[in-house]
Amino acid sequence: MRVYHRPTCRLCNSDNVNLAVKLEPIPLAEAYSATAEEGRNIPRFPVDLYMCGDCGHVQQLDVVDAESLWSKYTYFSGSAKGMPEHFAEVAARIMADYPAPNGSLVVDIGSNDGSMLRPFKAAGLRVLGVDPAETVAAEANRQGIPTIVAPMSLELAKRIRKEHGPAHLVFMFNAFAHMDNLQEIADCVAELLHEDGVFVFESQYVSDIIEKRLIATIFHEHMSHHSAVALVPFFKRHGLEMIDIQRVPIQHGSIIGVAQHLHGPHAMCPSVETLLDFEHKQGLDQIAVFRAFADDIATMRERIRLWAQARTAEGACIAGYGAARSGPTLIAQLGLENMLQYILDDHPQKVGLHTSGEGTLIVPTKELYERMPPYTVILAWVHAAKIIQEHQEYLERGGTFVVLCPQPRLVNRNGEAPL
């Protein structure tokens, strides 16, 4: 595994980058081990947040190499609760707002298992995915979504255009924050796009991370935390212009942006100026906002650490639910290290193995009722409501779920209370 600290802003190359949020280093999330000792020995790397003093981009500068990040990737977007429906809704809106001629090409960068492309294929368009993770790309190809297994590069973009022609639609959903070479990615988009085409991306929104204290979203894959104030000039430097940007509730707060070639055929929506104005009023271009966020996280960490220490001292078992990618960061940033006795999860690539960092054993979720831990911390925080709904019996039998994000709280058969 290779990790390097880049000295410059990922969007504008400025070396005027300043530490904004100091966090605990964490192990790579998608690393599972055969033994507890192996899991505990996996190295930890920083996930601190930096702000560019010139363009305002918020980012992680400690970068894990792509092969280590993606070679054993276990997240399949088509299996994630609600994601296929979300993709279908977005596809329908984009095809209505930016109609492409029959047979046009749609390219998805970071296409995972091809779920984003399926609605377009069903509508009669040509589709092509690009993803460096062999596990998910193999599933896409198996299901008839042609997918190139490789990281996107300008050389690959030129080859795709030569072999398939320009794309009327280029997507990058939940991958636009995951790449270190965003300047090259922007050039790839400009290379791929038809003169009338649009680029559509979705990523988590930095305003929601700060406002809702979404600490669980900060781990090595999420290298950038996007804002309109940084992206609008970024696109212009690469011959593109943002023409629409909408806030959406997916992942507890994301943005869907649309860009085209500079002076392209589509009018700019008022949403762009509206969001820029909002971000300036919120101070998202000021580092003080992020340092206040860091102070809040430190306070939260101490409160949760003391709670867990007290429960452990009483002899109570604390379990985790969901060996999620956000697990290591929730455990490290919120004071739960060495507090969880096991983690419940049904993923076939995880059960029976041990997590990175703590070396905690992963067991099937059916053991929730066999072991009946008094407290179960939900690490798959995005699905907390669904998990609680599915396990009412656990609550009725006296169990308590601990929800850490957005707001820490305890949920039991009597209701819920802040933690």
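Let me start with two helices. Helix α9, residues 228–237, packs against helix α10, residues 271–282, at an angle of about 130°, and their axes are 9 Å apart. That angle makes α9 oblique to α10. As background, the angle between the axes and the distance between them are how a pair of packed helices is described. On the α9 side the residues involved are A228, V229 and V232. They meet V272, L275, L276, E279 and H280 in α10. I should say now that this is a predicted model.

Next, a sheet. Four strands form an open sheet in the order β2-β5-β6-β13, and the pairing is antiparallel. Which strands stand at the edges? They are β2, residues 17–21, and β13, residues 224–225. Each has a single partner strand, so one side of each is left without a neighbour in the sheet. The partner strand β5 covers residues 49–52, and four bridges join β2 to β5 in antiparallel fashion. If you want a place to look, find L19, which stands opposite Y50 in β5. A general point about strands: in a regular one, side chains alternate between the two faces of the sheet.

There is also a helix on this sheet. Helix α11, residues 287–313, lies across β2, β5 and β6, and runs at about 35° to β2.

Now to a loop residue, Q60. You will find Q60 in the loop between β6 and β7. Is Q60 buried or exposed? Its relative accessible area is 2%, which is under the 20% cut-off, so Q60 is buried. The side chain of Q60 makes a polar contact with the side chain of H225, at 3.3 Å. Setting aside neighbours within four places in sequence, Q60 is in contact with a list of residues including R10, V47, D48, L49 and H225. Also among them are I218, F219, H220, H222 and M223.

A second loop residue is T355, between β17 and β18. The relative accessible area of T355 is 10%, so T355 counts as buried too. Not counting residues up to four places away in sequence, T355 touches A31, Y32, G39, I343, T360 and I362.

On to the cysteines. How many disulfides does the structure hold? Zero. Take C52 as a case: the nearest cysteine sulfur belongs to C12 and is 3.6 Å away, and C52 is in no disulfide. The cut-off here is sulfur atoms within 2.5 Å. For reference, a disulfide is a covalent bond between the sulfur atoms of two cysteines. C52 is buried, at 2% relative accessibility. C317 also counts as buried, at 16%.

Last, two hairpins further along the chain. Strand β20, residues 400–403, is joined by three bridges to strand β21, residues 409–412, and the two run antiparallel. Together β20 and β21 form a hairpin with five residues between them. Within this pair, V402 stands opposite L410 in β21.

Strand β21 also pairs with strand β22, residues 415–418, again in the antiparallel sense, over four bridges. How many residues does the hairpin from β21 to β22 pass through? Two. Here N412 stands opposite G415 in β22. To put the two hairpins together, β21 pairs with β20 and with β22.

Definitions and conventions: Residues numbered from 1 in each chain as written. Predicted model: local features only at pLDDT ≥ 70, side-chain atom pairs only at ≥ 80, totals over all residues. Heavy atoms only, no water. Pairing = 2+ DSSP bridges. Contact = heavy atoms within 4.5 Å. Axes fitted to C-alpha atoms, helices over the stretch in contact; angles between N-to-C directions. Buried < 20%, exposed > 50% of the residue type's maximum accessible area, 1.4 Å probe, protein only. Polar contact = N/O pair within 3.5 Å; in protein donor to acceptor, adjacent residues only side chain to side chain. Parallel < 35°, antiparallel > 145°, perpendicular 65-115°, else oblique.
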